[in-house]
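User: I am new to reading protein structures, and I would like to learn how to go from the overall layout to single residues. Could you take me through one example, step by step?

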Amino acid sequence: MCKYRNGPKTLSFQASGAPMMISRRSVLAALAATGLSLALPLHTARAEGAPLEISGGFLRASPGAAKIGAGFVTIRSKGEADRLIGFRSPACARPELHTHVMDNGMMRMRQVEAIEVPAGGEAVLEPGGLHLMFIDLTAPLAEGDNVPVTLIFEKAGEIEVSLPVKSAGAMK
Ligand SMILES: [Cu+2]
């Protein structure tokens, strides 16, 4: 189980503006995006050498027949830097990592390859910024539900959390 707490807010992310390159990272990210399982070592949030702590996680309820939803977590590293490279969930067919960018005065969502977790610091996924994008929902996200999510990290491997669904406009 993860604990839901609020901490100091810092934002860290890497935009995916780089040209197409065949690298291990992009292959892993592509695999993660398709929901295939990865041959990465499995650790838990408290595994030695991968001291990541997940907190403050939630999803927003999806209105009506919406086929997309958004999720948020705070990832704290008590040790080395790591990168969130994807996630899986039975709640959607197409998981993506997204951020928001200003484009001609409009806030738009943009996919990112990975989300950096700084050494000894935090990555904060929150409304209006970085988020877990649930595309092609398998069922509406209803307030009060709990959704299993497997976060996939470059170093720490896979960390499973259960995120509560809050109201459609929930900010935390
Ligand atoms: Cu999005």
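The conversation below goes from the whole chain to one strand and then to two residues.

Analyst: Please keep in mind from the start that this is a predicted model.

User: What does the secondary structure of the chain come to?

Analyst: A useful habit is to count the elements before looking at their order. Here the chain has 1 helix and 10 strands, and reading along the sequence gives the pattern α-β-β-β-β-β-β-β-β-β-β, with the helix ahead of the strands.

User: How many of the contacts join residues at least 24 apart?

Analyst: Such a share tells us about separation along the sequence. Among contacts in this chain between residues at least 6 apart in sequence, 73% join residues at least 24 apart. As for burial, 34% of the 172 residues in the chain are buried.

User: Is strand β2 mostly covered or mostly open?

Analyst: To answer that, we count buried residues within the strand, where a residue is buried if 20 or more other C-beta atoms lie within 10 Å of its own. In strand β2, which spans residues 68-77, 8 of the 10 residues are buried, and the strand is therefore mostly covered by this cut-off.

User: Which strands pair with β2, and in which sense?

Analyst: We take the partners one at a time, looking at the number of bridges and then at an example of facing residues. Strand β1 (residues 52-60) runs antiparallel to β2 and is joined to it by 6 bridges, with phenylalanine 58 having phenylalanine 72 of β2 as its bridge partner. Strand β8 (residues 131-137) is also antiparallel to β2, with 4 bridges between them, and there phenylalanine 134 stands opposite glycine 69. Strand β7 (residues 122-124) pairs with β2 in the antiparallel sense over 3 bridges, and its glutamate 122 stands opposite arginine 76.

User: Which residues other than glycine have a positive phi?

Analyst: Here we look at the backbone angle and then at where the residue sits. One of them is asparagine 104, with phi near 55 degrees, and this residue lies in the loop between β4 (92-103) and β5 (106-111). Another is aspartate 136, with phi near 60 degrees, and aspartate 136 lies within strand β8.

User: Why does asparagine 104 count as exposed, and what about aspartate 136?

Analyst: The reasoning rests on a count of neighbours, with 12 or fewer meaning exposed. Asparagine 104 counts as exposed because it has 5 C-beta neighbours inside 10 Å. Aspartate 136 is likewise exposed, because 11 other C-beta atoms lie within 10 Å.

Notes: Residues numbered from 1 in each chain as written. Predicted model: local features only at pLDDT ≥ 70, side-chain atom pairs only at ≥ 80, totals over all residues. Helix = DSSP H or I, 4+ residues; strand = E, 2+ residues; numbered from the N terminus. Contact = placed C-beta atoms within 7 Å. Pairing = 2+ DSSP bridges.
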